[in-house]
Amino acid sequence: MNFRNSNNYTHLLTLVLIITLASCSSNNNKSEAAEAVEEVKEEALAAKKKLKGEYNDAIEALDKKISSLDNELEGATDETKEELTATLDKLKKQRTHMANELIEISESTSESWDEIKQESEEVLIVYQAKIDSLTLEAEELIN
């Protein structure tokens, strides 16, 4: 066996080994990156589900308030009926806004989620404040 050929052969094997190790390292990095992306997607999906639940709960509570106030109309005086009807119309309008916001949340993509999440959380707080104010107004009319 020629020493020169054996040396070339060793260099070739070493080079193949280095390339193999480098590709394994690169696959691990790709795998870690894919796992990180998947984790972020799962967190976004969980946050989206939570926010949708909060909107659904708020809409359900609002539906109950509207139904209760509708029942109060039956025994109210004409003047109270008129004012209570106006308040109910405002509450129903808020309910429509919340339902539309819920649709927007549901249709959001992973790319638009961060922007929609921040906006939707703020909008929910504003809607709740308006609903609470209108509910107090309606209760004052009834009592």
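The secondary structure of the protein chain in this predicted model amounts to three helices and zero strands. Read from the N terminus, the elements follow the order α-α-α. One of them, helix α1, spans residues 3-73, and helix α2 covers residues 78-107.

Confidence is worth a look before turning to details. The mean pLDDT of the protein chain is 82, and 81% of the residues reach at least 70. Between the elements, the score is lowest in α1, with a mean of 77, and highest in α2, with 92.

Turning to the chain as a whole, 22% of its 143 residues count as buried. The exposed area comes to about 10300 Å², of which carbon and sulfur atoms supply 54%. As for contacts between residues at least 6 apart in sequence, 77% of them link residues at least 24 apart.

Within this setting, Lys 48 makes a pleasant case to follow. Lys 48 sits in helix α1 and is buried, yet no salt bridge is found for this residue. The nearest side chain of opposite charge belongs to Glu 107, at 9.4 Å, whereas a salt bridge would require a side-chain nitrogen within 4 Å of a carboxyl oxygen. What the side chain of Lys 48 does reach is the backbone oxygen of Ser 108, at 2.9 Å. Ser 108 also appears among the residues in contact with Lys 48 once neighbours within four places in sequence are set aside, together with Ile 105, Ser 106 and Trp 113. The picture at Lys 48 is thus of a buried charged residue without a salt bridge, with its side chain at the backbone oxygen of Ser 108.

Methods
Residues numbered from 1 in each chain as written. Predicted model: local features only at pLDDT ≥ 70, side-chain atom pairs only at ≥ 80, totals over all residues. Heavy atoms only, no water. Helix = DSSP H or I, 4+ residues; strand = E, 2+ residues; numbered from the N terminus. Buried < 20%, exposed > 50% of the residue type's maximum accessible area, 1.4 Å probe, protein only. Lys, Arg positive; Asp, Glu negative; His and termini not counted. Polar contact = N/O pair within 3.5 Å; in protein donor to acceptor, adjacent residues only side chain to side chain. Contact = heavy atoms within 4.5 Å. Areas by Shrake-Rupley, 256 points an atom, 1.4 Å probe, with all protein chains shown as cover. pLDDT = per-residue confidence, 0-100.
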